[in-house]
Amino acid sequence: MRHPGMRAANGPVLGRPMMRMVVMHGDGTHAPRVNDRSLPRQVTPGYEPVLTLANPTLLEQKRPMATSDVLVVGGGVMGCGIALRLRQAGARVTVLERSIPGAEASSAAAGILAPQWESEGPGPFFELCLRSRALYAQFATELRELSGVDIAYRPCGLLRVAFDEADHHHVESTVGWQHGMGLRAELLDGKGARELEPRLSPEAVGAAHFPDDHQVDNRLLVRALTMSAARVGATFRGGYVRGVVHEQGRAVGVDLDGEVLRADAVVLAAGSWSSLVQGSGVAPQAVRPARGQMVQLQTRLPLLERVVTSAKGYLVPRADGRVIAGSTMEHVGYDKQVTAAGLAGILDMALQLCPELGSAPVTETWAGFRPWTQDALPYIGAGPMPGLFLATGHFRNGILLTPITAKLVAQAVLGERPSVDLTPFRYDRGAQARG
Ligand SMILES: Cc1cc2nc3c(=O)[nH]c(=O)nc-3n(C[C@H](O)[C@H](O)[C@H](O)COP(=O)(O)OP(=O)(O)OC[C@H]3O[C@@H](n4cnc5c(N)ncnc54)[C@H](O)[C@@H]3O)c2cc1C
């Protein structure tokens, strides 16, 4: 699909003379050179060079982005969200997706938008999550207006249930530090928890209620984002990005199935596969897949109002009676199988929380890969070389973090001052404690 107003990423506006281009491998070694003779289809002879060290890029000169191109590697929520924001700012954007846009982690997720439940303490990451959650209601409205798709954003609240005293103390301390920050959180005993959720197990000894943690149907989100990005004029192109193309120390495009596409900026948003894109400078083990298995149950009558979680997992009730139950956390490479042990653990957790689910039919099972990083923080913003930007490693919170990441990465690409300090999310950060 190509918007009528778009031109090819290697088109005449950005035409450059034939220059030697290098496709770097991740470790900087074994860098095969793309022979100049192989490039005539990618460049238009006769145009003045735009990209040389002596003649810096349009970005560095802070000329309007409307005259530049951005290539986004990966069409998940990150890639589509960034494409949407960049295109709205006037940039010409192409999303490169090897499969179906949004079909990986972004579709596999549960859609919980829950900084307060997920967080282990205050800090920059917690702040980032809160900011993104605050953007969601408006984001949902905007996507509905652009795409016609309602992403089923439900401000339903979340109940974190404890089944023993030790766990209840843990929940109590979470409520305590969040009260200290002025956030809404309520500590309940078992009776109080069942008043909110009457189908909750009688074995629950207490719970924390986070009324501002919510949910969205992430599969609808994927559809809405893809449609919205396309509607505002982003181009989607199928193909496998083998590597980032460098020129004199700067990212100037990508190798898409052997074809070199050029752009002023490249955004790496390839989820759990980000470290496999050669020449990105992202270390081979920096982003790894963490498999999560999921089970969908179908109820006839609504059993739960809120997202309900325990130390072992979560239940996400959709408005149409589906209940999404998850998940596992496994480092098994790119093996996407659903296993007997995985399902047994999830179903055990589900029935412990809500015994009435025992009679609900299992209607779907699946697995997906969370883009895991060592410190559980994402990489957002400027990448290891000029012209390359990162939006990856969102691990368990990528659905939640979509609106803020899209905004921040677009700001970075456009040369604007990011509205959040991105230092804790830089690719070269040290080992920092997760906030
Ligand atoms: C089981 C599970 C439950 C989750 N639950 C939640 C939740 O409740 N709340 C929440 O906030 N988050 C949740 N997450 C996390 C969230 O889904 C991810 O953080 C988020 O979807 C990451 O989005 P992404 O766009 O970076 O990655 P992806 O959605 O994986 O997209 C990356 C895309 O890049 C493409 N790609 C990769 N390599 C290349 C290449 N070389 N060339 C071209 N294309 C390429 C892939 O095909 C893919 O489409 C969950 C994840 C899982 C797996």
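This report walks through a mixed sheet, the helices lying across it, and the surroundings of the ligand. Keep in mind that this is a predicted model.

Let's start with the sheet. It's an open one with 8 strands and mixed pairing, and the strands run in the order E7-E8-E6-E16-E17-E18-E15-E19. At the edges you'll find E7 (186–189) and E19 (362–372); each has a single partner strand, so one side of each has no neighbour in the sheet. From one strand to the next, the twist averages 20 degrees.

If you want to zoom in on one pairing, try E6 (residues 158–162) with E8 (residues 206–210): these strands are antiparallel and share 5 bridges. Alanine 162, for instance, has glycine 206 in E8 as its bridge partner.

Two helices lie across strands of this sheet:

| Helix | Residues | Lies across | Angle |
|---|---|---|---|
| H5 | 165–180 | E6, E7 and E8 | about 25 degrees to E8 |
| H8 | 340–353 | E6, E15, E16, E17, E18 and E19 | about 50 degrees to E15 |

Now for the ligand. It's surrounded by 44 residues, and the closest are Gly74, Gly76, Gly271, Gly292 and Gly398. Helix H1 (77–88), strand E4 (92–97), helix H2 (105–108), E15 and E19 each give two or more residues to this shell. Which element gives the most to the shell? That's E19, with 4 residues. By class, the shell has 22 nonpolar, 17 polar and 5 charged residues.

And where does the ligand lie relative to the domains? Domain 1 (12–106 + 220–286 + 376–425) and domain 2 (154–214 + 287–370) both give residues to the shell, so the ligand lies between them.

How values were computed:
Residues numbered from 1 in each chain as written. Predicted model: local features only at pLDDT ≥ 70, side-chain atom pairs only at ≥ 80, totals over all residues. Pairing = 2+ DSSP bridges. Axes fitted to C-alpha atoms, helices over the stretch in contact; angles between N-to-C directions. Contact = placed C-beta atoms within 7 Å. Near = placed C-beta within 6 Å. Nonpolar A, V, L, I, M, F, W, Y, C, P; charged D, E, K, R; others polar. Domains from an automatic or database assignment.
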